[in-house]
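Colleague: I have some questions about the labels used for this structure. Please set each value against its cut-off.

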Amino acid sequence: MTRAVVLGATGQIGRAAVDSLARDGWEVTAVSRGGDRDTRWPGDVRVVRADREDDGALSAAVGEGCDVLVDMVAYGERHARQLVSLDGRVGSAVVISSVSVYEDDEGRNFDTQSEPDGFPEYPVPITEAQRTIRPGDGSYSTGKAALERELLAAGDRLPTTLLRAGAVHGPYCRTPRELYFVKRNLDGRRRRVLAYGGASRFHPAGVRNIAELIRLAAPRPGTRVLNAVDPDAPSVAEIAAAIDTVMGVEAEDVLMDGPPVDGVGDTPWTTPAPVVCDMSAAEDQLGHRPVARYADSLPETVAFIEERLAGRDWREAYPKMVTAYGDLFDYAAEDAWFERR
């Protein structure tokens with residue numbers, strides 16, 4: 001039996017990764033700040049309470065060593081160097097990064113999207129060879145790029161598989177994009193406005209598919225970067241329709257040809273250009289085959305959101321969604337838009 005240590009074990013991806021590794025025969029130590037246990041994990045999963053910002057606590061969680069360390073929450077140079085400092089006791093690492101590190105050939109990226117003509121126009125699909133944003137500490141994207149740079153440079157000391165995740169979805173998400181359509185359906189809104197003709201695509205990444213990549217990379221040490229997304233990249237209109245199907249609802253799409261107008265037509269999935277990633281490298285290097293398509297995992301996601309919303313204001317249930325997207329449900333503005341049509 002080989003040993004795996006999972007940092008951020010009770011987060012959205014961590015829960016699925018612990019379960020996948022444990023069922024694959026690994027001796028798993030699940031590390032989280034709360035030290036909690038997911039009821040679906042096998043009983044022999046060891047649970048440890050530790051904050052990864054505490055170097056001593058992290059070192060103690062690794063103990064005498066492990067074959068692979070899986071890190072869901074690493075960010076920036078400091079975390080990279082923290083992991084590399086464990087190289088004598090860690091055989092290899094699998095670390096979650098993000099597709100937000102990519103920039104287009106004009107230097108546009110997720111950090112420039114609020115600027116005029118600032119949204120990146122990536123090739124379709126994006127391969128791992130696409131250029132990336134300059135590392136730094138000014139944003140989430142630059143921090144992930146800094147994490148990648150440090151770990152790739154230290155590959156001779158700590159072989160690391162970096163997984164560039166897309167729009168992560170599944171239970172336990174703190175910022176579920178699906179909330180937009182789930183709540184509208186619960187509120188009885190049977191018409192929705194979708195900008196860009198409802199054709200926006202932002203590649204989703206299901207937690208089970210990411211966990212499968214982790215399971216495959218864990219016994220195959222190497223220094224590599226791989227995209228981590230679902231086998232399909234549905235449009236925003238297709239996502240809305242799939243959620244309707246799960247909830248047993250019929251809704252009408254009202255399509256805008258162009259961008260949102262005063263917020264009307266915008267959704268957490270809305271982009272003026274597609275963000276679609278290629279998975280060939282994971283298939284070639286790890287033999288990856290997806291566990292589920294996007295629609296397959298929606299029933300569990302929708303049920304989790306409905307349960308969390310029950311009897312609560314959405315801003316209380318999902319405060320990070322407010323920070324990220326503002327008022328997602330300005331129905332008065334939408335109704336006024338319909339009246340002006």
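Modeller: A charge sits over a ring if NZ of Lys or CZ of Arg is within 6 Å of the ring centre and within 35 degrees of the ring normal. Keep in mind that this is a predicted model.

Colleague: What makes Lys183 count as lying over the face of Phe329?

Modeller: Lys183 is 5.4 Å from the ring centre of Phe329, and the limit is 6 Å. Arg189 likewise lies over the face of Tyr331, at 4.3 Å from the ring centre. Phe329 and Tyr331 belong to a cluster, linked by ring pairs, that includes Tyr180, Phe181 and Trp314.

Colleague: Why is the pair of Tyr75 and Tyr140 called stacked?

Modeller: The structure holds 11 aromatic pairs. In the one formed by Tyr75 and Tyr140, the centres are 6.0 Å apart and the planes differ by 20°. Rings pair within 6.5 Å, and planes under 30 degrees apart count as stacked, so both conditions are met. Tyr75 lies in the loop between β4 (66-71) and α3 (76-84) and Tyr140 in helix α4 (residues 140-153), so the pair ties together parts 65 residues apart in sequence.

Colleague: How do you know that Tyr75 is partly exposed?

Modeller: Its relative accessible area is 30%, and partly exposed covers what is neither under 20% nor over 50%. Tyr140, at 48%, is partly exposed too.

Colleague: What makes the pair of Phe110 and Tyr122 tilted?

Modeller: Its planes are 50° apart, with 6.4 Å from centre to centre. Stacked needs under 30 degrees and edge-to-face over 60, so tilted is what remains. Phe110 and Tyr122 are both buried.

Colleague: Why are α3 and α4 described as roughly parallel?

Modeller: They pack at an angle of about 30°, with their axes 7 Å apart. Angles under 35 degrees count as roughly parallel, so the label follows. The crossing of α3 and α4 is right-handed. Residues making the contact include Gly76, Ala80 and Leu83 of α3 and Gly143, Ala146 and Leu147 of α4.

Colleague: What makes helix α5 mostly covered?

Modeller: In α5 (residues 179-186), 7 of the 8 residues are buried. Among them are Tyr180, Phe181 and Lys183, and buried means under 20% relative accessible area. The elements covering these buried residues include β8 (191-194), α7 (236-247), α9 (294-309) and α12 (331-340). Just after α5, Gly188 takes a positive phi of about 80°.

Conventions
Residues numbered from 1 in each chain as written. Predicted model: local features only at pLDDT ≥ 70, side-chain atom pairs only at ≥ 80, totals over all residues. Heavy atoms only, no water. Helix = DSSP H or I, 4+ residues; strand = E, 2+ residues; numbered from the N terminus. Buried < 20%, exposed > 50% of the residue type's maximum accessible area, 1.4 Å probe, protein only. Contact = heavy atoms within 4.5 Å. Axes fitted to C-alpha atoms, helices over the stretch in contact; angles between N-to-C directions. Parallel < 35°, antiparallel > 145°, perpendicular 65-115°, else oblique. Left-handed = near helix turned anticlockwise from the far one by under 90°.
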